[in-house]
Amino acid sequence: MMRLAASKLDALFQLVGRSGCGVLLTDAEGVVLDQRIAGGDVAIFDAWGLTPGADWSEASEGTNGIGTCLTEGRRVIIHRDQHFHARNTGMSCMDAPIFGPEGELIGALDVSSARADQTEAFNRLISATVTQTARQIEMDTFRTAFPKARIIVADTTDSESAMLLAVDQDDLVLGATRGARRAFGLRSSGPIATIPASDLFGREDGPSGFEKAERAAVIRALSRANGNVSAAARNLGIGRATLYRRMKRLGIGGRQG
């Protein structure tokens, strides 16, 4: 996660760093793993304890951006005196959780501001960017976990959820992000039971069993050969006459080489 997140932290810091904000990445326990802070703000963040290795879980620090985000599993804004400890009431924190390839919580992305004049309206703008960046990290982590799978991205208006499915060459779903699990009624975390992608999408299968699989294989071969039956037969490792018989039985048209 740290390796995949590094470039995203850099980009986020480029957006918010000049306004007195620091960018932090934590693990699922609230321990700071990485950070981006301007040189002039280091002393302030050190005084607050926002440094690598620090524990910002709710058990350690009470209500705070990182700990509350991880406890509730959702994005949060903790503005100034909403913090539990008096020493933290000078900061504003905008956080979003990061979920792993099996829907498990693996960390949090935090932007904390050292500016006393930062408004709640500005915090909401930063929070939306933090959430978007956290989802990008989640998506990159998911893609890395399934390098040989086809990744299906679902269109959604929910900016807080990454909606990705990993599907193998047999159209079986190998994995799903937390948002996709919620949308398709899958278990919220852990390995998922093997299920055809078409079953999730609610599509009618048409022909069943081997006939369906054979038809799909023939159509794919013809598509790759631009409809050329001779070329498609060679790609399938069968004779042209054999392929014509199967096409006729399956109701598939094509053109000769």
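**Two sheets and the helices that pack on them**

In this predicted model, Val153 stands opposite Leu164, a residue of strand β7. This pair offers a handy way into the structure, since Val153 and Leu164 face each other across two neighbouring strands. Strand β6 and strand β7, the latter spanning residues 164-167, are joined by four bridges and pair in the antiparallel sense. Both belong to an open sheet of four strands, whose order is β6-β7-β8-β9 and whose pairing is antiparallel. At the edges of this sheet lie β6 (150-153) and β9 (195-196), each of which pairs on one side only. Helix α5 lies across β6, β7 and β8 (172-176), and runs at about 5° to β7.

A second open sheet can be traced as well. Here five strands follow the order β2-β1-β5-β4-β3, again with antiparallel pairing. Its edge strands are β2 (32-36) and β3 (76-79), and each of these pairs on one side only. On average, and with direction ignored, neighbouring strands of the five-stranded sheet are turned by 20° against each other. Within it, strand β4 (residues 92-99) and strand β5 (residues 105-113) run antiparallel and are connected by eight bridges. For a single pair to look up in the structure, take Cys93, which stands opposite Ser112 in β5.

Two helices pack on this five-stranded sheet. Helix α1 touches β1 (21-27), β2 and β5, and its direction makes about 160° with that of β1. Helix α4, made up of residues 65-72, touches β1, β3, β4 and β5, and its direction makes about 35° with that of β4.

Helix α5 comes back into the picture through its packing with helix α1. The two helices, α1 at residues 2-16 and α5 at residues 120-145, pack at an angle of about 165°, and their axes are 9 Å apart. Angles over 145 degrees count as roughly antiparallel, so α1 and α5 are roughly antiparallel to each other. The crossing in which α1 passes α5 is right-handed. On the α1 side, the contact is made by Arg3, Leu4, Ala5, Lys8, Leu12, Leu15 and Val16. The α5 side contributes Ile126, Thr129, Val130, Thr133, Gln136, Ile137, Asp140, Thr141 and Thr144. Sorted by class, the residues in this contact are eight nonpolar, five polar and three charged.

One of these contact residues, Thr141, deserves a closer look. Thr141 sits in helix α5. Its relative accessibility is 11%, and buried means under 20%, so Thr141 counts as buried. Beyond its neighbours within four places in sequence, Thr141 is in contact with Leu4, Pro101 and Ile106. Leu4 is one of the α1 residues named above for the contact with α5, while Ile106 falls within strand β5, which covers residues 105-113.

A residue outside the helices and strands completes the account. Gly17 is found in the loop between α1 and β1. With a relative accessible area of 8%, Gly17 is buried too. Gly17 and Ile37 are 20 residues apart along the chain, yet their C-alpha atoms are separated by 6.8 Å. Once its neighbours within four places in sequence are left aside, Gly17 is in contact with Ala38 and Asp41.

Definitions and conventions: Residues are numbered from 1 along each chain as its sequence is written. This is a predicted model: local features need pLDDT of at least 70, side-chain atom pairs count only at pLDDT 80 or more; totals for chains, interfaces and linings use all residues. Side-chain values use heavy atoms; hydrogens and water are left out. Axes are lines fitted to C-alpha atoms, for helices over the stretch in contact, and angles run from 0 to 180 degrees between N-to-C directions. Angles under 35 degrees count as roughly parallel, over 145 as roughly antiparallel, 65 to 115 as roughly perpendicular and the rest as oblique. A crossing is left-handed if the near helix is turned anticlockwise from the far one by less than a right angle, and right-handed if clockwise. Contact means heavy atoms within 4.5 Å. Ala, Val, Leu, Ile, Met, Phe, Trp, Tyr, Cys and Pro count as nonpolar, Asp, Glu, Lys and Arg as charged, and the others, Gly among them, as polar. Two strands pair if DSSP finds at least two bridges between them. Buried means under 20% relative accessible area, exposed over 50%, partly exposed in between (1.4 Å probe, protein chains only).
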